[in-house]
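The following exercises ask the reader to work through a protein model step by step. Each task is followed by its solution.

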Amino acid sequence: MAIDDVVIGALPDEVTFLAALLGAWYGSGHGGYPTMDDFDYGESMTFDHVGDAFLLYSQRSWLVSDGSPLHFERGFLRPGASQDSVELTLAHPLGLTEVSEGTFVDGEMSLTSRHVGRTRTGMGVVSLNRRYRLDGDRLTYELEMQTDDVAMTSHLVGGLHRVVS
């Protein structure tokens, strides 16, 4: 059987509470951190499904100033242990993996990392907090980060519009 022959089923009941996130999103944001200069970036984000009890998540960003690649994330958003709870597992090209848990209620998703894994040369990230707000076809978010050298502080603020549902 070829990959093109795989039939994607309907969204499973376990993840219907996440259905409003499905689609391709495009937008921009602003970043900064005590150890780096502020920067503006463009971004695309996709939430998709394959008929199983999780959503696929993909993110990429680039510097507005010259279009050069900035960051990528790939992972899965899945239901948690209780109603309205979610789990996010991500891989980052910075030598990091992230396991976060939180809630998705009334269009707001709040996630806190429970574990950040690092390779020997991975970035010194210790913890992350993510907050997303969904309002129709607009998705805004804030990301806070803690590293080995800097306490939890704001890192990214962005806004996206759904371009494909």
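**Exercise 1. Describe the largest nonpolar core and the surroundings of one of its residues.**

Step 1. A nonpolar core is a set of buried Ala, Val, Leu, Ile, Met, Phe, Trp, Tyr and Cys residues joined through side-chain atoms within 4.5 Å. Buried means under 20% relative accessible area, exposed over 50%, and partly exposed in between, with a 1.4 Å probe and protein chains only.

Step 2. The largest such core contains 33 residues, and those with the most contacts inside it are Leu21, Met45, Phe47 and Leu77. The model is a predicted one, in which local features need pLDDT of at least 70 and side-chain atom pairs count only at pLDDT 80 or more, while totals for chains, interfaces and linings use all residues. Residues are numbered from 1 along each chain as its sequence is written, and side-chain values use heavy atoms, with hydrogens and water left out.

Step 3. Contact means heavy atoms within 4.5 Å. Not counting residues up to four places away in sequence, Leu77 touches Leu18, Leu21, Phe47, Phe54, Leu55, Val86, Glu87, Leu88 and Met109.

Step 4. In soluble globular proteins, nonpolar side chains tend to be buried together.

**Exercise 2. Determine the environment of Arg130 and name the partners of its side chain.**

Step 1. Helices (H or I, at least four residues) and strands (E, at least two) are DSSP runs, numbered from the N terminus. Arg130 belongs to strand 8, which covers residues 125-135.

Step 2. Arg130 counts as buried because its relative accessibility is 3%.

Step 3. A polar contact is a pair of N or O atoms within 3.5 Å; within protein, one must be able to donate a hydrogen and the other to accept it, and residues adjacent in sequence count only if both atoms are side-chain atoms. The side chain of Arg130 has such a contact with the side chain of Glu73 at 3.0 Å, and another with the side chain of Tyr132 at 3.1 Å.

Step 4. Beyond four places away in sequence, the residues that Arg130 touches include Tyr57, His92, Glu98 and Glu142.

**Exercise 3. Classify two aromatic pairs by their geometry.**

Step 1. Rings of Phe, Tyr and Trp (its six-membered ring) pair if their centres lie within 6.5 Å; planes under 30 degrees apart count as stacked, over 60 as edge-to-face and the rest as tilted. The structure holds 6 aromatic pairs.

Step 2. Phe17 and Phe104 form a tilted pair, with 6.4 Å from centre to centre and 55° between the planes. This pair links distant parts of the chain, 87 residues apart: Phe17 lies in the segment before strand 1 (23-33), and Phe104 in strand 6 (residues 96-105). Phe17 is partly exposed at 26% relative accessibility, whereas Phe104 is buried at 7%.

Step 3. The ring centres of Tyr132 and Tyr141 are 5.9 Å apart and the planes stand at 35°, so this pair is also tilted. Tyr132 is buried, with a relative accessible area of 5%, and Tyr141 is buried at 5%.

**Exercise 4. Show how Gly31 is placed relative to Leu156.**

Step 1. Gly31 is part of strand 1, and its relative accessible area of 1% makes it buried.

Step 2. The two residues Gly31 and Leu156 are 125 residues apart in sequence, yet their C-alpha atoms are 4.4 Å apart in space.

Step 3. Leaving aside residues up to four places away in sequence, Gly31 touches Asp38, Phe39, Tyr41, His155 and Leu156.
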